[in-house]
Amino acid sequence: MLNPKDGFHSRKNLKAVVENPILRHKLGKFLDQHFNWYNYERIVLTDDYLPYSFFFEGYMVQGTKTCGGVILHGEEDIQTAKYGIHT
């Protein structure tokens, strides 16, 4: 789960997700289920080039970092679209 040290450095994609109740719910649930990483100090999400998707950087306590994407697949049909994580 994202904590107060984490955050979005996003403008366009986060705004688009927040304005859509279905996507807002899907993203919130996805982040809660997939970002409860042990030994990570913080996670920062920024806009990805894909609509409704994000690039993330996870910073470990030891200083190492993990990067990847939180990508919405199937955005043509918001009802069935699903978020996936890619590293």
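## A helix on a five-stranded sheet

Ile22 touches Ile78 and Gln79, leaving out residues up to four places away in sequence. This is a predicted model. Ile22 lies in helix α2. Its relative accessibility is 31%, so Ile22 counts as partly exposed. The C-alpha atoms of Ile22 and Ala81 are separated by 9.8 Å, although the two residues are 59 residues apart along the chain.

Leu27 also belongs to helix α2. Is Leu27 buried or exposed? Leu27 counts as buried because its relative accessibility is 5%, and the cut-off for buried is under 20%. Not counting residues up to four places away in sequence, Leu27 touches Phe8, Val17, Phe54, Val70 and Tyr83. The C-alpha atoms of Leu27 and Leu45 are separated by 12 Å. Along the chain, Leu27 and Leu45 are 18 residues apart.

Now the sheet. Five strands form an open sheet with mixed pairing, in the order β1-β2-β3-β4-β5. β1 (7–9) and β5 (82–86) are the edge strands, and each pairs on one side only. From one strand to the next, the twist averages 25°. Which helix packs on the sheet? Helix α2 (residues 21–34) does, and α2 touches β1, β2, β3, β4 and β5. The direction of helix α2 makes about 35° with that of β5.

Strands of a sheet pair through backbone hydrogen bonds, either parallel or antiparallel. The table lists three antiparallel pairs.

| Strand pair | Sense | Bridges joining the pair |
|---|---|---|
| β2 and β3 | antiparallel | seven bridges |
| β3 and β4 | antiparallel | six bridges |
| β4 and β5 | antiparallel | five bridges |

Each of these pairs can be followed residue by residue. Start with β2 and β3. Asp47 stands opposite Phe54 in β3. β2 and β3 form a hairpin, with six residues between them. Tyr52 sits in the turn and has a positive phi of about 65°.

Next come β3 and β4. Strand β4 covers residues 65–73. Phe56 stands opposite Gly68 in β4. β3 and β4 form a hairpin too, with four residues between them. Which residue in that turn has a positive phi? Gly63 does, with a phi of about 100°.

Then β4 meets β5. Gly69 stands opposite His86 in β5.

How many of the seven residues of β3 are buried? Five are, so β3 is largely enclosed by the rest of the structure. Phe54, opposite Asp47 in the pairing, is one of the residues that Leu27 touches.

Finally, look at Ser53. Where is Ser53 placed? Ser53 is in the loop between β2 (40–47) and β3 (54–60). This loop residue counts as buried because its relative accessibility is 0%. Which residues is Ser53 in contact with, leaving aside neighbours within four places in sequence? The contacts are Asn13, Thr46, Asp47, Asp48, Val70, Ile71 and Leu72. Among them, Val70 is also touched by Leu27 of the helix.

Taken together, three side views of the fold emerge. Helix α2 packs on the sheet. In this helix, Leu27 is buried, whereas Ile22 is partly exposed. In the loop between β2 and β3, Ser53 is buried.

Definitions and conventions
Residues are numbered from 1 along each chain as its sequence is written. This is a predicted model: local features need pLDDT of at least 70, side-chain atom pairs count only at pLDDT 80 or more; totals for chains, interfaces and linings use all residues. Side-chain values use heavy atoms; hydrogens and water are left out. Helices (H or I, at least four residues) and strands (E, at least two) are DSSP runs, numbered from the N terminus. Buried means under 20% relative accessible area, exposed over 50%, partly exposed in between (1.4 Å probe, protein chains only). Contact means heavy atoms within 4.5 Å. Two strands pair if DSSP finds at least two bridges between them. Axes are lines fitted to C-alpha atoms, for helices over the stretch in contact, and angles run from 0 to 180 degrees between N-to-C directions.
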